[in-house]
Amino acid sequence: MSENSPAITISGLNKWFGDYQALKDVDLDVAHGERIVVCGPSGSGKSTLIRCVNSLEAHDSGTITVDGIEMTDARAVEAIRAEVGMVFQQFNLFPHLTILQNLTLGPIKARKLPKAEAEARAMAYLERVRIPDQAHKRPAELSGGQQQRVAIARSLCMEPKIMLFDEPTSALDPEMISEVLDVIVDLAEDGMTMIVVTHEMGFARRAADRMVFMDQGQIIETGTPEQFFTAPKSKRCQRFLSQILQH
């Protein structure tokens, strides 16, 4: 796959839920190593967009190409999911397994990694998210912020080329938000290709290469964080920022 072609290409994407159109002719290219923050009001289609990229939602028309693979059939979806890690609002950890077991399950089952190698990789990524000492605990023994960092490490254990984050801090207490965002900033600085759906505008200024503003299922505006925060072009974006930056 050429580094010059986009990591993700979304073209003319439409998605309906019954009579409700959640995405309307969405076009978006994401370059290798680019960090995109998607923001917008609730119900604007942000989460639906990234769920379509990972085929957690099937799109109705348009095309999605990830790392040169067009999402066409089940085999293509499987190949794409092998390249793309996803972190959700809820941590989705297995409560009966230890943190280490949660992290090694995917690499052992899906990647056929030997157990010792999977455990070494898991410990390296727990180190990376700054909680190696929690490896033998169960999820219920960890704080929300620690559990979300485990969820990030679990995705990294599959060694994805692209990471998608769906409002990764929205379920956390305020004091835990920065510890999770710091980990994501670290990944961004390493050059990981990522799309982050978030309302955390301080994080967006620090980590994004490009802002994408959505409303009513459409991309209304894109630009650098500098442009986006200091001179938003659309009235809708100006109104959104004035509301969100007051809080």
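Reader: How are helices α5 and α6 oriented to each other?

Author: In this predicted model, the axes of α5 (residues 144-156) and α6 (residues 174-189) come within 8 Å and cross at roughly 20°. Angles under 35 degrees count as roughly parallel. The orientation of α5 and α6 is therefore roughly parallel.

Reader: Thanks! Is the crossing of α5 and α6 left-handed or right-handed, and how do the residues of the contact divide into nonpolar, polar and charged?

Author: The crossing of α5 and α6 is right-handed. On the α5 side the contact is made by G144, G145, Q146, Q148, R149, I152 and L156, and on the α6 side by M176, E179, V180, V183, I184 and L187. Sorted by type, the residues of this contact are seven nonpolar, four polar and two charged.

Reader: Now to another helix pair: how are α3 and α4 oriented to each other?

Author: Happy to go there. The axes of α3 (residues 99-109) and α4 (residues 115-128) come within 9 Å, with a crossing of roughly 125°. Angles over 145 degrees count as roughly antiparallel and 65 to 115 as roughly perpendicular, and the rest that are not under 35 are oblique. The relation of α3 to α4 is therefore oblique.

Reader: Which residues of α4 meet α3, and how do the residues of that contact divide?

Author: α3 passes α4 in a right-handed crossing. From α3 come I99, L100, L103, T104, P107 and I108, and they meet K115, A118, E119, A122, M123 and L126 of α4. The residues of the contact divide into nine nonpolar, one polar and two charged.

Reader: Which residues of α2 are buried, and where around the axis do they lie?

Author: In α2 (residues 74-83), the buried residues are A76, V77, I80 and E83. They cover an arc of only 120° around the axis, so they sit on the same side of α2. A74, R75 and E78, in contrast, are exposed on the other side of α2. What covers the buried residues includes α1, β4, β5 (69-70), β6 (84-87) and β7 (162-166).

Reader: And in α9, what arc do the buried residues cover?

Author: The residues in question are C237, F240, L241 and I244, buried in α9 (residues 235-244). They pack against β3 (35-39), α7 (201-207), β9 (210-215), β10 (218-223) and α8 (225-230). They lie on the same side of α9, because the arc that they cover around the axis is only 95°.

Reader: Let's turn to backbone angles. Is S55 buried or exposed?

Author: A good residue to pick: phi of S55 is near 60°, a positive value in a residue other than glycine. Most residues other than glycine have a negative phi. S55 belongs to the loop between α1 (46-53) and β4 (61-66). With a relative accessibility of 18%, below the 20% cut-off, S55 counts as buried.

Reader: Which residues does S55 touch?

Author: One spatial clue is that the C-alpha atoms of S55 and A74 are separated by 9.7 Å, although the two are 19 residues apart along the chain. Leaving out residues up to four places away in sequence, S55 touches M71, V77 and R81.

Reader: Finally, is Q216 buried or exposed?

Author: Q216 is in the loop between β9 and β10. Phi of Q216 is near 50°, a positive value in a residue other than glycine. Its relative accessibility is 54%, and the cut-off is over 50%, so Q216 counts as exposed.

Note on methods. Residues are numbered from 1 along each chain as its sequence is written. This is a predicted model: local features need pLDDT of at least 70, side-chain atom pairs count only at pLDDT 80 or more; totals for chains, interfaces and linings use all residues. Side-chain values use heavy atoms; hydrogens and water are left out. Axes are lines fitted to C-alpha atoms, for helices over the stretch in contact, and angles run from 0 to 180 degrees between N-to-C directions. Helices (H or I, at least four residues) and strands (E, at least two) are DSSP runs, numbered from the N terminus. A crossing is left-handed if the near helix is turned anticlockwise from the far one by less than a right angle, and right-handed if clockwise. Contact means heavy atoms within 4.5 Å. Ala, Val, Leu, Ile, Met, Phe, Trp, Tyr, Cys and Pro count as nonpolar, Asp, Glu, Lys and Arg as charged, and the others, Gly among them, as polar. Buried means under 20% relative accessible area, exposed over 50%, partly exposed in between (1.4 Å probe, protein chains only). The arc is that of the directions from the helix axis to the C-beta atoms.
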